[in-house]
Amino acid sequence: MDAVILIRPIQPQDAPEAAVLWRHGLQQTIDAAATEEKRKSYREFFEKHAKEECSEGGAVGINGTGLIDFFCPPNDACMFVAIHCEGRTSDTSKVVGIVGVKRGMDSEKFPIDSEEQRVDYNTFSIWKMSVAEESRGRGIGKKLMAKAEEWAKDQKPSMVDGVAAKKRMRLYTANPIAAAFYTSAVGFVVEEKTDHYGIYVKDLDIDK
């Protein structure tokens, strides 16, 4: 049987591989830095960040347990995984891609009571996007982002005068390779750019 790629929400058995894959994605960000000075700075920052995230109670947690706690119901968030399957048994499957999507940039702002908070409520942010090095260039990233966008469109928006407010997706990245993917392959545009990172956004057409 030919190998297939299955995109689905993360399950507990996926968590350890997803956590490792996320850390590999951080390494790509470090390697893609333009100068040795910047690579050194990124290495120090992301190694500390990974240690905090992968600790008990961190967003990734020990063996990825934090990913299940954060990106599974009833939270306003979901993580999708790309599973490389060969044959008919789970013994031959492997997590080769991940992407998290959550409502808002700061969940503590809900429930909404101002225009600023309404915008945040209708913004869906992308987190921990990563594709295994050996699986890149096969369209897996586009499939994961399509699932994240589909999930965001399915979430209930806030209402303004009885009309559904406009939704959008938003993300930060310090990885120029990832930035090129977001702008050229999945329709994001630059909102803000600095020497160290960029903020990218995409409006969602809620009528589709």
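**Notebook: cysteines, helices and two single residues**

I looked for disulfides and found 0 in the structure. The model is a predicted one, and I kept that in mind for every entry below.

**Entry 1. The cysteine pair.** I asked why C72 is not in a bond with C78. The sulfur of C72 lies 7.1 Å from that of C78, the closest cysteine sulfur, and this is too far for a bond. The cut-off I applied is 2.5 Å between the two sulfur atoms. I then repeated the search from the other side: C78 is in no disulfide either, its nearest cysteine sulfur being that of C72, at 7.1 Å. I also checked accessibility. C72 is buried, at 17% relative accessible area, and C78 is buried as well, at 9%.

**Entry 2. The chain as a whole.** I counted elements next and noted 6 helices and 9 strands in the protein chain. The chain has 208 residues, of which 44% count as buried. Its accessible surface is about 11700 Å², and carbon and sulfur atoms hold 51% of that area. For the contacts, I took those with a separation of 6 or more; 61% of them join residues 24 or more positions apart.

**Entry 3. Helix α1.** I located α1 at residues 15–31, a run of 17 residues. From first C-alpha to last it reaches 25 Å, close to the 24 Å expected at 1.5 Å a residue. I listed its buried residues as A15, A18, A19, L21, W22, G25, L26, Q28, T29 and I30. I then asked what covers these buried residues. The cover includes the helices α2 (36–53), α3 (65–71) and α6 (176–185), together with the strands β3 (94–103) and β4 (123–131).

**Entry 4. Helix α2.** I tested the length of α2 in the same manner. Its 18 residues should span 26 Å at 1.5 Å a residue, and the end C-alpha atoms are 25 Å apart, which agrees. The buried residues are K38, Y42, F46, A50 and E53. Seen down the helix axis, these buried residues of α2 fall within an arc of 85°, so they line one face. I recalled the general rule here: an α-helix has 3.6 residues a turn, so residues three or four places apart point the same way. The buried residues of α2 pack against α1 and β4. On the face turned away from the buried side I found the exposed residues E37, K40, E44, K48 and K51.

**Entry 5. T173.** I placed T173 in strand β7, residues 167–173. Is T173 buried or exposed? At 13% relative accessibility it counts as buried, because the limit for that class is under 20%. A polar atom of the T173 side chain lies 3.1 Å from the backbone nitrogen of N175. Setting aside neighbours within four places in sequence, I recorded contacts of T173 with A178, A179, Y182, Y197, G198 and Y200.

**Entry 6. E133.** I found E133 in the loop between β4 and α5 (140–154). Its relative accessibility is 65%, so E133 counts as exposed. How far from V96 does E133 lie in space? The C-alpha atoms of the two are 8.5 Å apart, although 37 residues separate E133 and V96 in sequence.

Conventions:
Residues numbered from 1 in each chain as written. Predicted model: local features only at pLDDT ≥ 70, side-chain atom pairs only at ≥ 80, totals over all residues. Heavy atoms only, no water. Helix = DSSP H or I, 4+ residues; strand = E, 2+ residues; numbered from the N terminus. Expected span 1.5 Å × (residues − 1). Buried < 20%, exposed > 50% of the residue type's maximum accessible area, 1.4 Å probe, protein only. Contact = heavy atoms within 4.5 Å. Polar contact = N/O pair within 3.5 Å; in protein donor to acceptor, adjacent residues only side chain to side chain. Areas by Shrake-Rupley, 256 points an atom, 1.4 Å probe, with all protein chains shown as cover. Arc of directions from axis to C-beta.
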